[in-house]
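Got your viewer open? Let's walk through this one together, one selection at a time.

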Amino acid sequence: MTSHKAEIITINGCDTEYLRGGKGPTLLFLHGAGGINGWAPYLDALAQGYDVIAPSHPGFGRSEDPDWLDSVSDMAFFYLDFMEYLELQDVHLIGNSLGGWIASEIVIRGDERIKSLTLASAAGINVVGVPMGDIFMWSNEEAARKIFFDQEIANQRIAASETMDEEQKDVQLKNYFTTGKLSWNPRFHNPDLSKWLHRIKVPTMIIWGENDEIFPAAYGEAYNALIPGSELRIIPECGHLPHQEKLEEFLDAVHSNTSKT
Amino acid sequence: MQFSFFHLMPYSAVNLEAIKHTAWINFSNSNYDPKKGHKLYNRYLDELEFADELGFDGICVNEHHQTAYGIMPQPSLLAGALSRRTENAKICILGRALPLTENPLSIAEEYAMIDNVTGGRLIAGFVRGIGCEYHSYMVNPANSLERFHEAHDLILQAWTQPGPTAFEGKHYRFQYVNMWPRPYQEPHPPIWIPSQGSAETKDWASHPDRKYTMLMTFSPINNVIRNMNAYAEKCEEYGYKCQPHQLGWALPLYVAETDEKAIEESREHIQNFFNKFVLAPTEYRMPPGYSSINSYKMILENKMKFREQFLSIEMLMDNGMFICGSPSTVAEKLEEYQEAMGYGNLVIMGQFATLDHEHTKKSMQMFSEEVMPKLRHIGVPTVAAAE
C-alpha cells in the first residue's frame with residue numbers, strides 16, 4: 001500500500017480532513033454521497049501514478065459541517081478556496097456521483113488550476129423522462145443491491161454495515177444528512193448547470209456504469225453532449241461506483257484522459 | 001378538563017390487502033374511489049358536527065398528504081365547512097404543516113378567516129408535518145426546523161403587528177406583511193403544538209413568551225408522562241407554574257357497554273390503524289435532516305423497532321397507546337393518568353381506520369354522557385395559579 005497521511009486544514013472556518021498519498025501529477029478526488037472510507041483500493045491504485053488528494057467534503061466524514069453550507073454552489077466555491085490554500089496547480093480533478101456534480105460546478109466557475117476533469121456517474125443534471133433512482137426511499141440493503149451490479153460486492157457491503165461501530169454509524173448518518181441537504185430538491189441536480197457546461201474547456205472523460213440504477217447511462221450521454229470535446233466510456237456489468245466495481249476500466253479511462261493534457 | 005374530538009378522516013374504504021409496503025407517499029391513488037370518498041367526507045363531517053352537539057369543547061382536523069391514513073391534505077377547507085355548521089365547539093386545526101408551504105402567510109390568512117367567521121372559535125395548531133410529507137412535497141427536510149420557526153414568527157408578526165411590516169428571513173421574505181383580515185381573538189388564537197416530545201419543542205413551546213399547549217400524540221404512555229413532566233419542569237425553570245391547559249394528550253379511544261364489548265368491537269379497527277394505515281418504512285418516516293442525528297438514532301432504536309412487530313390491541317392497551325373499555329374503566333384510567341401528568345386537554349380520536357359510523361357514534365355518545373361528566377372537575381387551573 002502506498003504511504004499516505006491524513007491532515008486537517010481550516011478553510012473558510014471549516015476544519016476539513018483530507019487524505020494524501022502517492023507521487024506524480026496532482027489528482028483531486030471528490031467523493032460521492034457515501035464519503036471517503038479510509039485509504040480505499042481505488043485511492044491506492046491512483047496513488048501509483050499521482051499525488052492523490054482525497055478530502056472529506058464539509059459536512060462529511062470527519063470534516064466539519066459549517067453553518068454556511070447550503071448548496072453545491074457553496075461546495076464548489078469552497079473547493080476553489082481549498083485548491084488556492086494548498087496552492088494546487090495543474091490538477092486532475094475526478095468526481096464520483098455527488099462529487100462529480102461538485103467537480104462540474106467548480107470547473108464552470110474557474111478552471112485556472114484544473115488540467116483535466118473526470119466525471120464518474122456524476123450527479124448535477126437532469127434528463128427529462130429518465131427518472132433517477134430515489135436513494136432516500138431505499139433501505140441500506142436495497143441501496144447496496146442497487147448501487148452494485150455485482151451482488152457479491154453488495155453482500156459484502158451489507159455484511160460490513162452490520163458490524164459498524166458507533167463512530168462509523170455516526171459518520172454514515174452525517175454523510176446521509178448532508179447529502180439530503182445538498183440534493184433534496186431539485187433532486188441531485190442544479191437546473192442552471194447544464195446551461196454552463198460549455199464553459200468546460202479542459203479534457204473531460206465521462207465514465208458510467210451501464211447498469212447504474214441511480215443515474216442511468218442516459219445521464220452520461222447527456223453530460224457527454226453538453227461538454228465540448230468530452231469522451232464517454234460506458235462500462236458493462238457495472239453499477240454506480242465504477243472506481244469500486246471496475247477498477248481497471250476506471251483507471252484506464254483516467255489515465256487515457258490525463259495523458260491528453 | 002377540556003375534551004376534544006379529533007378526526008383523521010382515514011380512507012376507510014381502502015382494500016387492506018393492497019397495503020403491503022406502505023399506505024403513504026407512493027401507495028397508488030388508484031386505490032382511491034372518489035364515490036366512496038364523497039360518502040366518507042360527508043360521514044366524517046357529520047361525526048365532527050355530532051361531537052359539537054354532544055358538548056365536546058373542541059373538534060379537530062389535521063393535515064396529511066398522499067396517504068390512506070388521512071384524506072385531509074387541506075384541513076382549513078373542512079374547518080371552514082365546520083365553522084358554519086357548528087355552534088359551540090372550538091375548531092382546532094392540529095395543525096397546518098408550516099415548513100411545507102412556500103408562503104406561510106396563506107396559513108395565517110386561512111386561520112384568521114376561520115377565526116373571524118366563527119367569532120373566535122379557532123385553535124391554531126402548528127406542526128412540521130411527519131417525515132413522509134417531505135417526500136411527498138419535496139421540501140428539504142434539512143430546512144424543516146428552520147422553516148418552522150421562521151414561518152411561525154412570520155405568522156405571529158402578521159397577526160399581531162399593525163401592518164404593513166417587512167419580514168426578512170432566510171427562507172421567507174416579504175416587503176409588505178399587512179394581512180386582511182386580522183384574527184378575531186386578541187392578541188391571536190390559542191396555539192397548540194402537536195408533538196412527539198422532542199426536547200427542543202418542549203423548551204420552545206413552554207417559553208414564557210409563548211406558553212403554547214403541547215399536545216402529545218399517539219405515543220406510548222410512559223413517553224407521554226415523561227414528556228409532560230419534562231414540560232412542566234421546564235416551566236418551573238422559566239419561573240412559572242405549568243397550567244393544565246398547556247398539556248394535551250391525543251390518542252385513539254373507544255367506549256362500549258362493558259370492557260369485553262369495547263375490546264371486541266374495536267379490536268380489528270385499532271389493529272388496522274396501527275398495522276396498516278400507519279405502515280411506512282423507516283426511510284419514508286425519517287428523511288435525512290428531519291431530526292438531529294442523535295434524535296434520529298433514538299427514534300430508530302425505540303419507535304421504529306417497536307413498530308416493526310404486529311401490534312395487537314392488548315399490546316396497545318398495555319402501553320397506553322389506546323384506551324378502551326366501559327365508561328367507568330375509561331374514566332378511571334384517564335383520571336389515573338391525569339394525576340400522573342397533569343394534562344387539562346384530552347383529545348380523543350373516536351374514529352380510527354375502519355371503524356364504522358354506528359360504532360363511532362355510539363362510543364362518542366357514551367363518552368360524552370358517561371365519561372366526560374366524571375372528569376370535568378380535574379385538570380383545571382388551581383386557585384393559586386388563577387390568582
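## Starting with chain B

Select chain B and colour it by secondary structure: you should find 14 helices and eleven strands. Its radius of gyration is 20 Å, close to the 21 Å that the globule rule gives for 387 residues, so chain B is as compact as a globular protein of that length. Keep in mind as you look around that this is a predicted model.

Turn the chain about its principal axes, and the C-alpha trace spans about 60 × 55 × 45 Å. Of the 387 residues here, 47% count as buried. Now think about contacts in chain B with a separation of 6 or more: 76% of them join residues 24 or more positions apart.

## Into the core

Next, select B:Phe5, B:Ile59, B:Ile91, B:Leu251 and B:Ile348. These are the residues that touch the most other members of the largest nonpolar core, which has 108 residues. Which strand gives the most to this core? Highlight residues 247–255 of chain B: that is strand β9, and it supplies seven residues.

Zoom in on B:Phe5 and show what surrounds it. Leaving out residues up to four places away in sequence, B:Phe5 touches B:Leu48, B:Ala51, B:Phe56, B:Ile59, B:Cys60, B:Ile348, B:Gly350 and B:Met364. There is another core lying apart from the largest one, with 69 residues; to find it, pick A:Val91, A:Ile114, A:Leu119 and A:Phe215, which are among its members. As a rule, nonpolar side chains in soluble globular proteins tend to be buried together.

## Two stops with more open surroundings

Go back to chain B and click B:Asn15, in the loop between β1 (2–6) and α1. Is B:Asn15 buried or exposed? B:Asn15 counts as exposed, because it has 9 C-beta neighbours inside 10 Å, and the cut-off for exposed is 12 or fewer. Try drawing a distance from B:Asn15 to B:Gly320: they are 305 residues apart in sequence, and their C-alpha atoms are 28 Å apart in space.

Then move along to B:Arg43, which sits in helix α1 (residues 34–54) of chain B. B:Arg43 is partly exposed, with 15 other C-beta atoms within 10 Å. Draw another distance, this time to B:Tyr111, 68 residues away along the chain: C-alpha to C-alpha, you should get 24 Å.

## Over to chain A

Now select chain A, where you'll see ten helices and eight strands. A compact globule of 261 residues would have a radius of gyration near 18 Å, and the 17 Å of chain A agrees with that. Along the principal axes, its C-alpha atoms fill a box of roughly 45 × 40 × 35 Å. Of the 261 residues, 48% count as buried.

Pick out residues 98–109 of chain A, helix α3. Its twelve residues should span 16 Å at 1.5 Å a residue, and the end C-alpha atoms are 17 Å apart, which agrees. Ten of the twelve are buried, so α3(A) is largely enclosed by the rest of the structure. Among the buried ones are A:Trp101, A:Ser104 and A:Glu105. To see what they pack against, show β3 (26–30), α2 (72–85), β5 (91–96), β6 (114–120), α6 (166–183) and α7 (193–196) of chain A.

## Last stop: where the chains meet

Finally, show both chains and look at the contact, which takes 14 residues from chain A and 13 residues from chain B. On the side of chain A that touches chain B, seven residues are nonpolar, four are polar and three are charged.

Note on methods:
Residues are numbered from 1 along each chain as its sequence is written. Chains are lettered from A and ligands numbered from 1 in the order in which they are written. This is a predicted model: local features need pLDDT of at least 70, side-chain atom pairs count only at pLDDT 80 or more; totals for chains, interfaces and linings use all residues. Two residues are in contact if their C-beta atoms, placed from the backbone, lie within 7 Å. Ala, Val, Leu, Ile, Met, Phe, Trp, Tyr, Cys and Pro count as nonpolar, Asp, Glu, Lys and Arg as charged, and the others, Gly among them, as polar. Helices (H or I, at least four residues) and strands (E, at least two) are DSSP runs, numbered from the N terminus. A residue is buried if 20 or more other C-beta atoms lie within 10 Å of its own, exposed if 12 or fewer, and partly exposed in between; C-beta atoms are placed from the backbone. A nonpolar core is a set of buried Ala, Val, Leu, Ile, Met, Phe, Trp, Tyr and Cys residues joined through C-beta atoms within 7 Å. The expected span of a helix is 1.5 Å times one less than its number of residues. The radius of gyration is taken over C-alpha atoms; the globule rule is 2.2 Å times the number of residues to the power 0.38.
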